[in-house]
Amino acid sequence: MSRTAKINRKTKETDIRVSINIDGKGEYKSEIPVAFLGHMISHIAKHGCFDIAIIAKGDVEVDYHHTVEDIGIVLGDAFISALGDKVGIHRYGHALIPMDESLAEVSVDLSGRSMLIYKVPLPKNKVGDFDAELIEEFFKAFANHSKSTIHVNLRYGENAHHILEAVFKAFAKALSHAVSINPRASGEVPSTKGAL
Ligand SMILES: [Mn+2]
């Protein structure tokens with residue numbers, strides 16, 4: 001059974017369409033009016049081996065906040081929808097990934113409960129024209145809508161672009177393992193409760 005989803009979400013602030021194949025090859029297509037976020041999501045696709053297509057419009061004349069948050073919402077909705085009943089998945093994933101001088105750690109639990117811990121001190125808030133504080137909003141929205149527990153911790157780093165790239169690559173690797181099928185647990189939901 002293919003683990004795919006298509007989600008459309010339209011509000012007065014944004015209009016976002018996401019399609020995803022969790023068992024993809026890392027193909028990424030996007031039309032996003034926030035270039036830096038598009039660049040970061042390309043790392044989720046590539047290093048998670050997810051096929052992701054996003055078409056997004058947003059009120060970026062205000063600022064990037066609504067568009068970044070809402071892309072997180074729709075991606076989270078798409079992941080949880082594609083995951084279905086979570087039978088046979090690993091559930092947990094963890095990665096510690098360097099990007100040059102930066103080292104980021106991400107732990108994911110597809111727990112059915114929403115929680116984000118985000119400890120990523122940045123040397124400056126701007127990366128190009130992008131407000132780097134919005135990345136926390138992206139992960140908060142993703143955690144809320146995918147009903148997952150996500151801990152993001154920067155061990156150390158100096159360059160804001162490198163730091164965030166390490167965060168996204170670590171997130172991709174952690175999420176990729178969490179959603180992958182555990183051959184020793186086939187047919188079982190990975191919880192002693194019997195449901196996630
Ligand atoms: Mn880069």
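Colleague: Which residue in β2 is the bridge partner of A5?

Modeller: The bridge partner of A5 in β2 is I20. The model is predicted: local features need pLDDT of at least 70, side-chain atom pairs count only at pLDDT 80 or more, and totals for chains, interfaces and linings use all residues. Residues are numbered from 1 along each chain as its sequence is written, and side-chain values use heavy atoms, with hydrogens and water left out.

Colleague: What makes β1 and β2 a pair?

Modeller: Two strands pair if DSSP finds at least two bridges between them. β1 and β2 (residues 14-21) have 7 bridges in the antiparallel sense, so they meet that condition. The strands themselves are DSSP runs (E, at least two residues; helices are H or I, at least four), numbered from the N terminus.

Colleague: Which strands of the sheet β1-β2-β4-β3 are called edge strands, and why?

Modeller: They are β1 (4-10) and β3 (28-31), because each has a single partner strand and one side is left without a neighbour in the sheet. This sheet of 4 strands is open, with mixed pairing. Its twist averages 0° from one strand to the next; the underlying angles run from 0 to 180 degrees between N-to-C directions, on axes fitted to C-alpha atoms, for helices over the stretch in contact.

Colleague: What lies across β1, β2 and β4?

Modeller: Helix α2 (residues 65-83) lies across them, at about 35° to β2.

Colleague: How do you know that strand β6 is largely enclosed by the rest of the structure?

Modeller: Buried means under 20% relative accessible area, exposed over 50%, and partly exposed in between, with a 1.4 Å probe and protein chains only. In β6 (residues 102-109), 7 of the 8 residues are buried, so the strand is largely enclosed. On one pairing, 8 bridges join β6 to β5 (residues 92-99), running antiparallel; I97 has A104 as its partner there. On another, β6 and β10 (residues 149-156) pair antiparallel over 7 bridges, with V152 as the partner of V106.

Colleague: What is the strand order of the sheet that holds β6?

Modeller: The order is β5-β6-β10-β7, an open sheet of 4 strands with mixed pairing. β5 and β7 (115-119) are the edge strands, each pairing on one side only. β7 and β10 run parallel, joined by 5 bridges. Helix α4 lies across β5, β6, β7 and β10, at about 150° to β5.

Colleague: What makes H39, H161 and E165 donors of the manganese ion?

Modeller: Donors are N, O and S atoms within 2.8 Å of the metal (3.2 Å for Na, K and Ca), and water is not among the atoms, so sites may look incomplete. Here H39 (NE2), H161 (NE2) and E165 (OE) coordinate the ion at 2.0 to 2.3 Å, so they satisfy the cut-off. H39 lies in helix α1 (residues 35-48) and E165 in α4 (residues 160-179), 126 residues apart.

Colleague: Which of the labels buried, partly exposed or exposed fits E165, and which fits H39?

Modeller: E165 has 7% relative accessibility and therefore counts as buried. H39 has a relative accessible area of 31%, so it is partly exposed.

Colleague: Which residues touch the most other members of the largest nonpolar core?

Modeller: They are I41, I71 and F138, in a core of 64 residues. The largest share, 12 residues, comes from α4. Such a core is a set of buried Ala, Val, Leu, Ile, Met, Phe, Trp, Tyr and Cys residues joined through side-chain atoms within 4.5 Å. Contacts of I71, beyond its neighbours within four places in sequence, include I16, L37, I41 and F138; contact means heavy atoms within 4.5 Å.
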